[in-house]
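Here is an informal look at one model, one helix and a few loops at a time. Keep the structure open while you read.

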Amino acid sequence: MNELTYKQKIAMMRILLDLILADKRVDVREEEYFTQIACILGLDDDAKADVKEKNSLLALSEIRDFQPKDKEMLAKLMGKMIVVDEDINYNEVRLYNVVNEFCNINIEFHIEDYPNYRFSGEEI
């Protein structure tokens with residue numbers, strides 16, 4: 001993985017926060033995973049304000065310029081964020097697909113890989 005800049009890390013965390021908020025339920029497992037990712041990226045509590053203030057569309061435009069390996073890493077993080085609460089929500093998958101398409105990540109999320117998980121929201 002290439003070393004990400006602070007701005008790129010904030011963009012990535014903004015998209016992950018959007019995934020958490022997509023189903024209008026914040027599960028403790030999502031919060032823990034989000035915190036774990038922030039620690040891995042070397043982000044402290046002060047960065048949380050920057051993540052919340054980051055415009056999601058600007059975050060997408062920055063992610064679009066990521067190196068392929070960094071896009072792949074983001075896809076994996078998004079996929080795990082979708083399933084960490086053992087509920088696959090329609091809006092989470094929709095957001096994944098928007099990021100995937102707009103940023104040219106080209107890594108599909110396969111719902112069929114999680115047959116024992118709950119599905120919520122509109123029909124997937």
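A good place to begin is a loop residue: with a relative accessibility of 64%, Asn106 counts as exposed, because the bar for that label is over 50%. Bear in mind that this is a predicted model. Asn106 belongs to the loop between H6 and strand E2 (118-120). Its backbone is worth a look too, since Asn106 has a positive phi of about 60 degrees although it is not a glycine. For background, most residues other than glycine have a negative phi. Just after H6 sits another case, Asn104, with a positive phi of about 55 degrees.

Lys24 has a positive phi as well, of about 65 degrees, and it is not a glycine either. You'll find Lys24 in the loop between H1 and H2. At 76% relative accessibility, Lys24 is counted as exposed.

Here are four residues with their accessibilities side by side.

| Residue | Relative accessibility | Class |
|---|---|---|
| Lys7 | 52% | exposed |
| Lys24 | 76% | exposed |
| Asp65 | 62% | exposed |
| Asn89 | 4% | buried |

Now for helix H6 itself. Does its length fit the helical rise? The 13 residues of H6 (residues 90-102), taken at 1.5 Å a residue, should span 18 Å, and the end C-alpha atoms are indeed 18 Å apart, so the two agree. Which residues of H6 are buried? They are Glu92, Val93, Tyr96, Val99 and Asn100. Looking down the axis of H6, these buried residues fall within an arc of 125 degrees, so they line one face of the helix. The general rule behind such a pattern is that an α-helix has 3.6 residues a turn, so residues three or four places apart point the same way. As for what covers the buried residues of H6, the list includes helix H1 (6-21), helix H2 (28-40), helix H4 (56-63), helix H5 (68-83) and strand E1 (87-89).

Strand E1 also holds Asn89, which caps the N-terminal end of H6. A side-chain oxygen of Asn89 lies 2.8 Å from the backbone nitrogen of Asn91. Asn89 counts as buried because its relative accessibility is 4%, and the cut-off for that label is under 20%.

Next, the largest pocket, which has a volume of about 230 Å³. Its lining is made up of Leu17, Ile20, Leu21, Val26, Glu31, Phe34, Thr35, Lys48, Val51 and Lys52. Which elements give two or more residues to that lining? They are H1, H2 and helix H3 (46-53).

One of the lining residues, Val51, pairs up with Lys7 over a long stretch of chain: the two are 44 residues apart in sequence, yet their C-alpha atoms are 9.6 Å apart in space. Lys7 is part of helix H1. Setting aside neighbours within four places in sequence, Lys7 is in contact with Lys54 and Glu62.

Last stop, Asp65, in the loop between H4 and H5. The C-alpha atoms of Asp65 and Gln8 are separated by 9.6 Å, with their positions 57 residues apart along the chain.

Methods
Residues numbered from 1 in each chain as written. Predicted model: local features only at pLDDT ≥ 70, side-chain atom pairs only at ≥ 80, totals over all residues. Heavy atoms only, no water. Helix = DSSP H or I, 4+ residues; strand = E, 2+ residues; numbered from the N terminus. Expected span 1.5 Å × (residues − 1). Buried < 20%, exposed > 50% of the residue type's maximum accessible area, 1.4 Å probe, protein only. Arc of directions from axis to C-beta. Contact = heavy atoms within 4.5 Å. Polar contact = N/O pair within 3.5 Å; in protein donor to acceptor, adjacent residues only side chain to side chain. 1 Å grid on protein atoms, 1.4 Å probe; cavity = no way out; pocket = protein on both sides within 12 Å on 5 of 7 lines; lining within 4 Å. Points joined across faces, edges and corners; volume = space filled by probe spheres on them.
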